[in-house]
Amino acid sequence: MEVLDLRHFSSADLRPLLEDEIALWGRLLSWDYTTSAGMILRYMDAKILPGYAAIERGSIFGYSFFVYEQSKGVIGDLFVRDSVRDGARTSDRHEVEETLLTHVIETLQQSPGIHRVEAQLLAHNAGEVSRPFLQQGFSRHPRVFMNFDIGRHPQASLPTLPPQFEIRPWSEDEYQSAAALITASYRGHVDSDINDQYRTLAGSLRFLNNIVRFPGCGTFDPQASFAVFQRRTRTLVGLILCSLVRPDVGHITQVCVLPEYRSAGLGEAMLAASTKNLRGRGFHFISLTVTEANDRAIALYKRIGFESTRVFDAFVWEG
């Protein structure tokens, strides 16, 4: 086995591996990875995708890539096939994953100006690839992937909001106020340790931009995204954003409520509104991810009917 820079290769070299990864994401997460794979292939052909490929008998059978975001590096993906195309056995898959991650981590930690590295590997079980991260000083935060089977839960009337609040469909007119809401909602929260974009208004604006205007986490769905306002002050106090990750699957990318309103039932009302919209359009499932330490959110999701289907890890390194 060799490990080489991804920029030595073209999309034609990586395409067979990505076909296997698309199948994996569909099987494990009910997630159509095709759009993300297409972006990866375009960056491959432009020779601008940093990362490493595991090579055996001239074929790529594993890869990991990362991106630079100012002073931060983000590990975007890791995938290793069990065997090469002709069925011959490769090196142990887990060993190859650790080798690729070690190369990526070392590159990022030694990159000039990089003071933080983040990774969330949804398709890997918690603890499965943790060793290279922990050896290099990363903190580990288990996260839960949850799924709601719309057909198993009868349609219920929407929870009644207290009269001082109103719920409205998402509007891009609320971009600035939504970013301010995200920043305020996550101040001191464990999720701001995992994703430092939540810590500043500029970072929250980048987060929103990534969710709403780029297909990395599915295609943004404004129809199933809502905002809650305080009527008297017209202040935005709650937000839910949804993306489409498969033609029949919605994925909740964000749910947040200002701390002072968290006992008013706003989260449940927003989830119910999104569920009603997706149900009416013939969707079958809704998924979301939540940090395991966020007991209150997990309790809410389970009460509504979400089920935990897998636990994965988020890793953070601060230089």
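At what angle do helix H8 (residues 266–280) and helix H9 (residues 295–304) pack, and how far apart are their axes? They pack at an angle of about 45°, with their axes 11 Å apart. Axes here are lines fitted to C-alpha atoms, for helices over the stretch in contact, and angles run from 0 to 180 degrees between N-to-C directions. H8 and H9 are therefore oblique to each other; angles under 35 degrees count as roughly parallel, over 145 as roughly antiparallel, 65 to 115 as roughly perpendicular and the rest as oblique.

This is a predicted model, in which local features need pLDDT of at least 70 and side-chain atom pairs count only at pLDDT 80 or more, while totals for chains, interfaces and linings use all residues. Residues are numbered from 1 along each chain as its sequence is written, and side-chain values use heavy atoms, with hydrogens and water left out.

On the H8 side of the packing, Gly267, Glu268 and Leu271 meet Leu300, Tyr301, Arg303 and Ile304 of H9. Contact means heavy atoms within 4.5 Å. Helices (H or I, at least four residues) and strands (E, at least two) are DSSP runs, numbered from the N terminus.

**Helices H2 and H3**

For H2, twelve residues at 1.5 Å a residue should span 16 Å, and the end C-alpha atoms are 17 Å apart, which agrees. The expected span of a helix is 1.5 Å times one less than its number of residues. The same check on the 17 residues of H3 (residues 93–109) gives 24 Å expected and 24 Å between the end C-alpha atoms.

The buried residues of H2 are Ser36, Ala37, Gly38, Met39, Ile40, Leu41 and Met44, and they pack against H1 and strand S3 (59–69). Buried means under 20% relative accessible area, exposed over 50%, and partly exposed in between (1.4 Å probe, protein chains only). Just after H2, lysine 47 takes a positive phi of about 60°.

In H3, the buried residues include Val96, Leu100, Leu101, Val104 and Leu108. An α-helix has 3.6 residues a turn, so residues three or four places apart point the same way. The N-terminal end of H3 is capped by aspartate 92, with a side-chain oxygen 3.2 Å from the backbone nitrogen of histidine 94.

**Single residues**

The table lists the relative accessible area of four residues.

| Residue | Element | Relative accessible area |
|---|---|---|
| Glycine 26 | H1 (residues 11–29) | 28%, partly exposed |
| Methionine 44 | H2 (residues 34–45) | 2%, buried |
| Serine 287 | S12 | 1%, buried |
| Threonine 291 | S12 (residues 285–291) | 1%, buried |

Glycine 26 lies 8.8 Å from arginine 246, C-alpha to C-alpha, although 220 residues separate the two in sequence. Methionine 44 and arginine 7 are 37 residues apart in sequence and 6.6 Å apart in space, C-alpha to C-alpha. Leaving aside neighbours within four places in sequence, methionine 44 is in contact with Leu6, Phe9, Ser10, Ser11, Leu14 and Leu49.

In strand S12, the side chain of serine 287 makes a polar contact of 2.7 Å with the side chain of histidine 251. A polar contact is a pair of N or O atoms within 3.5 Å; within protein, one must be able to donate a hydrogen and the other to accept it, and residues adjacent in sequence count only if both atoms are side-chain atoms. The side chains of threonine 291 and arginine 143 are joined by a polar contact of 3.0 Å. Beyond four places in sequence, threonine 291 also touches other residues, among them Pro142, Val190, Asp191 and Ile298.
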